[in-house]
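User: I would like the reasoning behind the labels used for this model. Please set each value against its cut-off.

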Amino acid sequence: MAENKKKLLDGLKSVIWQVVPGRSQLQNYEKSLLGLVQLTPALAGVRVPVEMLQYVDQGGNPHQYTAEVFEACVRDNQLVKGKVVAVQSLYDALLAELTTQQPEVAAAYRALVDNKPPG
């Protein structure tokens with residue numbers, strides 16, 4: 001019975017030593033962490049989007065991520081610009097129609113918009 005316990009303990013010890021990193025690995029890990037801690041003040045103002053970190057974790061290139069985000073911003077900007085132009089065109093058309101149908105109301109509206117009293 002004592003021999004079985006000794007074999008069991010020896011087996012557990014070998015498994016634990018296989019799982020737990022060796023002393024030199026822990027020291028290297030500690031040195032790396034201390035190096036990161038020393039760099040912390042220099043990186044205090046740097047903000048990295050979580051999406052970029054996820055992209056890099058999945059094997060992506062950070063420069064490629066930046067290019068993709070920039071292209072998406074340009075595309076979205078063009079879409080919004082098109083909407084602004086469409087709304088401005090509608091505004092101009094409605095104001096022109098109002099001017100032909102009810103010139104007094106159009107003049108009052110323009111005066112209100114221009115912040116001038118109608119005259």
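Analyst: The turns below take up the labels one at a time. Keep in mind that this is a predicted model.

User: What does the secondary structure of the chain come to?

Analyst: It comes to 5 helices and 0 strands. From the N terminus on, the order is α-α-α-α-α.

User: Why is α4 called oblique to α5?

Analyst: Start with the angle. Helix α4 (residues 62-101) and helix α5 (residues 103-114) pack at about 130 degrees. Their axes lie 5 Å apart. Roughly perpendicular covers 65 to 115 degrees, and roughly antiparallel needs over 145. An angle of about 130 degrees fits neither class, so α4 is oblique to α5.

User: Which residues make that contact?

Analyst: From α4 come Tyr91, Leu95, Leu98, Thr99, Thr100 and Gln101. From α5 come Pro103, Val105, Ala106, Tyr109 and Arg110. By class, the contact has 7 nonpolar, 3 polar and 1 charged residues.

User: How do you know that the span of α5 agrees with its 12 residues?

Analyst: The expected span is 1.5 Å times one less than the number of residues. For the 12 residues of α5 that gives 16 Å. The end C-alpha atoms are 16 Å apart, so the two values agree.

User: What follows α5?

Analyst: Asn115 does, with a positive phi near 65 degrees.

User: What makes Leu53 count as partly exposed?

Analyst: Leu53 sits in helix α3 (residues 50-57). Its relative accessibility is 46%. Buried means under 20% and exposed means over 50%. The value falls in between, so Leu53 is partly exposed. The C-alpha atoms of Leu53 and Tyr65 are separated by 9.9 Å. Along the chain, these two residues are 12 residues apart.

User: How many of the 119 residues count as buried?

Analyst: The share is 4%. The accessible surface of the chain is about 10,800 Å², with 63% of it belonging to carbon and sulfur atoms.

How values were computed:
Residues are numbered from 1 along each chain as its sequence is written. This is a predicted model: local features need pLDDT of at least 70, side-chain atom pairs count only at pLDDT 80 or more; totals for chains, interfaces and linings use all residues. Side-chain values use heavy atoms; hydrogens and water are left out. Axes are lines fitted to C-alpha atoms, for helices over the stretch in contact, and angles run from 0 to 180 degrees between N-to-C directions. Helices (H or I, at least four residues) and strands (E, at least two) are DSSP runs, numbered from the N terminus. Angles under 35 degrees count as roughly parallel, over 145 as roughly antiparallel, 65 to 115 as roughly perpendicular and the rest as oblique. Contact means heavy atoms within 4.5 Å. Ala, Val, Leu, Ile, Met, Phe, Trp, Tyr, Cys and Pro count as nonpolar, Asp, Glu, Lys and Arg as charged, and the others, Gly among them, as polar. Buried means under 20% relative accessible area, exposed over 50%, partly exposed in between (1.4 Å probe, protein chains only). Accessible areas come from the Shrake-Rupley method with a 1.4 Å probe; for residues, only the protein chains shown count as cover.
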